[in-house]
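Here is a quick walk through one protein chain, written for someone who likes to check geometry by eye. Keep the viewer open and follow along.

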Amino acid sequence: MGFSTDAIHAGQHPDLVTGAVITPIYQTSTYAQEELGKNKGYEYGRTHNLTRQSLETNIAALEKGKYGIAFSSGLAATHALMSLVKAGDHIIVTNNVYGGTFRLFELIMKDYGLEYSWVDTTDLNNIKKAIKKNTKLVYLESPTNPMLNLTDLEGASKICKENNLLSIVDNTFMSPYFQNPLTLGCDIVLHSTTKYINGHSDVIGGIIVTSNDKVHERIRYVQNAVGAVPSPFDCWLIIRSTKTLAVRMERHDHNAVKFAEYLVESEIAAKVYYPGLPNHPQHELAKKQMRGFGGMISADFGNVDKAKKLLKNVKVFTLGESLGGVESLISHPASMTHASVPKEEREKMGLTDSLVRFSVGIEDIEDLIEDVNSALR
Ligand SMILES: *Cc1c(COP(=O)(O)O)cnc(C)c1O
């Protein structure tokens with residue numbers, strides 16, 4: 001089936017009792033058992049919940065995977081993935097990942113004996129060079145936040161296969177609509193469903209998708225044994241949202257392409273970072289492994305005062321963390337999402353104090369452009 005058909009139908013069945021078209025919210029902690037040792041396959045809410053299963057089947061279909069395993073946040077899903085390894089194991093990570101991933105690995109999991117190498121994965125040779133005897137996982141994010149660097153996912157997955165490593169891709173920025181890492185040979189996909197998948201800025205959630213039976217078995221066990229499961233209501237909200245993922249992503253992409261062109265042509269910004277621009281260093285790779293360029297743009301305004309003026313005066317854009325919602329958001333990575341990264345490290349990757357990040361929403365593009373224009377006047 002095509003993406004939109006799967007988005008609307010995969011994992012969705014009319015209710016057996018009433019015929020309700022929409023999967024109900026099974027807001028229950030436990031289930032009545034018929035007799036000792038006999039139940040309908042549902043015993044306890046942490047272990048089984050039909051609203052959650054419906055979400056997992058739905059997103060697994062969109063990511064072209066066999067299994068979906070949902071969590072209460074993107075970081076809970078990332079944390080669950082760390083149970084694929086043991087103390088003494090080594091993990092290679094894209095150096096410019098989501099700040100919370102950095103914090104989880106460096107400030108928490110390291111204390112449990114896991115070893116991390118932070119690598120610029122835009123060059124596949126750096127992955128090869130970082131592999132050690134005890135390497136088990138390669139954790140990639142593409143495109144990255146906020147510099148929008150890409151990793152060649154097909155090339156990286158080949159290196160992983162040759163070296164018997166599992167490849168993981170945080171696909172949050174692209175959503176399954178624009179990029180499917182499993183079809184490029186990667187083993188595991190992770191999403192913060194908080195972002196584009198839910199898309200309405202009203203849920204925190206995460207999901208892992210894989211076709212690897214062993215990985216599924218382990219992560220499914222951990223989902224129940226550790227217990228960071230999403231609520232039935234949150235699952236229901238996310239299912240409602242995936243039905244419109246295709247149309248939302250088309251509009252995010254359409255608006256972002258126009259917005260990036262405006263930033264370049266108006267010369268309002270000194271430098272614009274967007275994989276959809278022909279001058280993006282990995283524009284060709286973007287066209288090869290993605291079906292669109294998404295809604296995230298970063299722009300360097302050349303001086304801090306100009307950036308501050310913009311951040312202060314916008315009215316349609318909302319100043320705030322997060323991304324991927326229908327409403328446009330604007331943020332200042334140096335003082336917000338990436339404040340914990342030392343200034344020299346930030347500057348090295350182009351993350352200057354005058355860099356502004358835009359999550360371009362699905363409003364009328366003319367209003368978004370006029371908002372920036374009038375904010376700077
Ligand atoms: C937000 C985000 C996460 C973390 O997800 P939460 O749902 O906030 O826990 C992970 N990766 C990326 C790329 C994100 O943007």
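What follows goes from the domains to aromatic pairs, then to a strand, a helix and a serine.

Keep in mind that this is a predicted model. The domain assignment splits the chain into domain 1 (3-242) and domain 2 (245-376). Their C-alpha centres lie 26 Å apart, and the contact between them takes 34 residues from domain 1 and 39 residues from domain 2.

**Aromatic pairs**

How many aromatic pairs does a search of the whole structure find? It turns up 15. A pair like this is described by the distance of the ring centres and the angle of the planes. Two of them are set out here.

| Pair | Centre distance | Plane angle | Geometry |
|---|---|---|---|
| F105 and W118 | 6.3 Å | 40 degrees | tilted |
| F317 and F358 | 5.4 Å | 65 degrees | edge-to-face |

Take F105 and W118 to begin with: the planes sit at 40 degrees, so this pair counts as tilted, since edge-to-face needs an angle over 60 and stacked one under 30. F105 belongs to helix α4 (residues 99-108) and W118 to strand β3 (residues 115-119), so the pair links distant parts of the chain, 13 residues apart. Their surroundings are worth a look too: F105 is buried, with a relative accessible area of 0%, whereas W118 is partly exposed at 25%. Both rings also belong to one aromatic cluster, made up of F102, F105, Y116, W118 and Y139.

Now for F317 and F358. With the planes at 65 degrees, this pair is edge-to-face. F317 lies in the loop between α12 (304-313) and β10 (318-319), while F358 is in strand β12 (residues 355-359), so the pair ties together parts that are 41 residues apart in sequence. Both F317 and F358 are buried.

**Strand β12**

Why is β12 described as largely enclosed by the rest of the structure? Five of its five residues are buried, so there's the reason. In a regular strand the side chains alternate between the two faces of the sheet. Here both faces are covered, with L355, R357 and S359 buried on one side and V356 and F358 buried on the other.

Which strands pair with β12? Strand β9 (residues 296-300) does, in the antiparallel sense over five bridges, and A299 has V356 as its bridge partner in β12. Strand β11 (residues 329-331) pairs with β12 as well, again antiparallel, over three bridges. There, L329 stands opposite S359.

**Helix α10**

Helix α10 (residues 245-265) has 21 residues and reaches 30 Å from its first C-alpha to its last, close to the 30 Å expected at 1.5 Å a residue. An α-helix has 3.6 residues a turn, so residues three or four places apart point the same way. With that in mind, try colouring the buried residues of α10, among them L245, M249, H252, A256, F259 and L263. After α10 comes E267, which has a positive phi, near 60 degrees.

**S142 in its loop**

Is S142 buried or exposed? S142 is buried, with a relative accessible area of 1%. You'll find S142 in the loop between β4 (135-141) and α6 (153-162). Its side chain reaches the backbone nitrogen of T151 at 3.0 Å. Leaving aside residues up to four places away in sequence, S142 touches several others, including N149, D170, N171, M174, Q179 and Q289.

How values were computed. Residues are numbered from 1 along each chain as its sequence is written. This is a predicted model: local features need pLDDT of at least 70, side-chain atom pairs count only at pLDDT 80 or more; totals for chains, interfaces and linings use all residues. Side-chain values use heavy atoms; hydrogens and water are left out. Rings of Phe, Tyr and Trp (its six-membered ring) pair if their centres lie within 6.5 Å; planes under 30 degrees apart count as stacked, over 60 as edge-to-face and the rest as tilted. Helices (H or I, at least four residues) and strands (E, at least two) are DSSP runs, numbered from the N terminus. Buried means under 20% relative accessible area, exposed over 50%, partly exposed in between (1.4 Å probe, protein chains only). Two strands pair if DSSP finds at least two bridges between them. The expected span of a helix is 1.5 Å times one less than its number of residues. A polar contact is a pair of N or O atoms within 3.5 Å; within protein, one must be able to donate a hydrogen and the other to accept it, and residues adjacent in sequence count only if both atoms are side-chain atoms. Contact means heavy atoms within 4.5 Å. Domain bounds come from an automatic or database domain assignment.
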